[in-house]
Amino acid sequence: MKYFGQDILTVADQLSEAYAEVFGVPPWEDREPEATRVEFRERLEKDALRPGFRAVLALSDTGEVDGFATGWITQAPFRADRAYPKVTRRLGADRVNQLLVGALEIDELGVRARARGGGLGQRLLSALTATAPDGRAWLLTWNQAHDAVAFYRRIGWQELEPVPGDETDVVVFLSTSVRRPTFT
């Protein structure tokens, strides 16, 4: 199911539960599940107001969220909160402005353990990036999220090299092509 803007808030509680489950295990196991759920729910309310916000959810037969992808259009000036300063340090301001501003920023991608192994993550990402402006999309992940880094490499996302001497604990990927979704 696709959601745009504040429409996502109609399923915010279910999405927050799925988020807490996905990001409550290694390498993020130091997070307390209830606090993670509440923090994500609060962040989602703000993120839904961002220009170009969109989300794609995959639901189980019982209506529970099995997987999700969220994103929005990266605006100028490039933000200076959350992990954004690490992205700027890693890539340099010129590359950030050239490659990331105006592109679809994938903020979250998650698949519950029970739904993994069947390509759902790739289908969610494809469905979300199918609406990317001029086919341009990017995302970042933590360098200690080894499965996530391997997943993005495996599906063909391009890892951007850091500015020499400015490596950080985030890895930035660009979509190399817009893949059409195989589900609605």
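**Aromatic pairs and unusual backbone spots**

Arg-82 sits in the loop between S3 and H3. In this predicted model, the phi of Arg-82 comes out near 50°, a positive value in a residue that isn't glycine. For the wider picture, most residues other than glycine have a negative phi, and most peptide bonds are trans. As for its surroundings, Arg-82 has 41% relative accessibility, so it counts as partly exposed.

That loop has another backbone feature to look at. Pro-77 is also placed in the loop between S3 and H3, and the peptide bond leading from Ala-76 to Pro-77 is cis, with omega near -5°.

A positive phi turns up elsewhere too. Asp-134, not a glycine either, has a phi of about 55°. This residue belongs to the loop between helix H5 (120–129) and S5. Is Asp-134 buried or exposed? With a relative accessible area of 77%, Asp-134 is exposed, because the cut-off for that label is over 50%.

Now to the rings. How many aromatic pairs are there? With ring centres required to lie within 6.5 Å, the count comes to nine aromatic pairs. Take Tyr-19 and Phe-23: their ring centres are 4.7 Å apart and their planes meet at 40°, so this pair is tilted. Tyr-19 and Phe-23 are both buried. Another pair, Phe-78 with Trp-138, has its centres 6.1 Å apart and its planes at 45°, so it is tilted as well. This pair ties together distant parts of the chain, with the two positions 60 residues apart: Phe-78 is in the loop between strand S3 (65–73) and helix H3 (84–91), while Trp-138 is in strand S5 (residues 137–142). Phe-78 has 14% relative accessibility and therefore counts as buried. Trp-138 is buried too, with a relative accessible area of 0%.

Some rings also gather into a group. Which residues join Tyr-19 and Phe-23 in one aromatic cluster? The other members are Phe-40 and Phe-68. Finally, a charged side chain meets a ring at Trp-72: Arg-50 lies over the face of Trp-72, at 3.9 Å from the ring centre.

Definitions and conventions: Residues numbered from 1 in each chain as written. Predicted model: local features only at pLDDT ≥ 70, side-chain atom pairs only at ≥ 80, totals over all residues. Heavy atoms only, no water. Phe/Tyr/Trp six-rings, centres within 6.5 Å; stacked < 30°, edge-to-face > 60°. Buried < 20%, exposed > 50% of the residue type's maximum accessible area, 1.4 Å probe, protein only. Helix = DSSP H or I, 4+ residues; strand = E, 2+ residues; numbered from the N terminus. Lys NZ or Arg CZ within 6 Å of the ring centre and 35° of its normal.
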